[in-house]
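Biologist: Hello! Could you walk me through this model, one question at a time?

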Amino acid sequence: MRLTSRALWERFHGRLGTDGIGLLATLLLLVTVGLGFISLSDDVREKETQHFDERVLLSLRRADNPEEPRGPRWLAEAARDVTALGSVSVLTLVVCAVSGFLVLVRRWRTLALVLGSTVGGAAVNGILKSHFARPRPTVVPHLTHVLTESFPSGHAMLSAIVYLTLGALLAQLVERRWLRAYLVGVALTLTLLIGLTRVYLGVHYPTDVLGGWMAGLAWALLTAVMARGVKRRSPGLREESRGDTAPS
């Protein structure tokens, strides 16, 4: 008996259910992003991307004066403003503000997930930077101050972790799909803009930012899978996710 694609999908969906399909898709994306990061990091370590990286940075500066970025004068200042949204100081303030809210509404389990994801991601970023120890770009002058190694970009990775985690958390509080898509879209847009400003300001190679995005997304997906597993074993966390917990 031949089965049509629709019949196969219905049988597959019936066995796994919506939650099972979502988990499978998350795991597949996690593996794909993880393998992509490994491949990219190998290329960076062997300096196979160096020529491309330097050409991109040079293309963003005036040919007669590498200290001057292309575009109107206000663009560089705007880039500094946007890039600050991915700084450790701003991200710490955001996480503290969200944590304070979760404390006030007594969502302790959700608070643990948020802190575990963000603090753990910051630790992983530090380990990766120390492991690869890639020097900062020298082909163009930096337009903002930097302190740590170059690969992967901390701004790109940490903004992906923080904003995607918070976007997913807020998305659980609304029922309409377009509202969820909007919240996740805002988180993605912030992450993309922050990463792009790092390249424009000359403090990161494009592959640094791409690596940061990959590592940040992989960590966010990993914590999402772990959170899903914890929810299965924690009725209290499931209640918090549905917004059933209220302060007494």
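The turns below cover salt bridges and one helix pair.

Modeller: Gladly! This is a predicted model, where local features need pLDDT of at least 70, side-chain atom pairs count only at pLDDT 80 or more, and totals for chains, interfaces and linings use all residues. Residues are numbered from 1 along each chain as its sequence is written, and side-chain values use heavy atoms, with hydrogens and water left out.

Biologist: Which residues do salt bridges that share partners join into one network?

Modeller: A salt bridge here is a side-chain nitrogen of Lys or Arg within 4 Å of a carboxyl oxygen of Asp or Glu. Asp53 and Arg134 meet in one, at 2.9 Å from N to O. Arg134 also pairs with Asp208, with the closest N and O atoms 2.8 Å apart. Shared partners thus give one network of Asp53, Arg134 and Asp208.

Biologist: Is Arg134 buried or exposed?

Modeller: Buried means under 20% relative accessible area, exposed over 50%, and partly exposed in between (1.4 Å probe, protein chains only). Arg134 has a relative accessible area of 7%, so Arg134 is buried.

Biologist: Are α4 and α6 roughly parallel or roughly antiparallel to each other?

Modeller: Helices are DSSP runs (H or I, at least four residues), numbered from the N terminus. The axes, lines fitted to C-alpha atoms over the stretch in contact with angles from 0 to 180 degrees between N-to-C directions, come within 11 Å and cross at roughly 20°. Angles under 35 degrees count as roughly parallel, over 145 as roughly antiparallel, 65 to 115 as roughly perpendicular and the rest as oblique. Therefore α4 and α6 are roughly parallel.

Notes:
Helix = DSSP H or I, 4+ residues; strand = E, 2+ residues; numbered from the N terminus.
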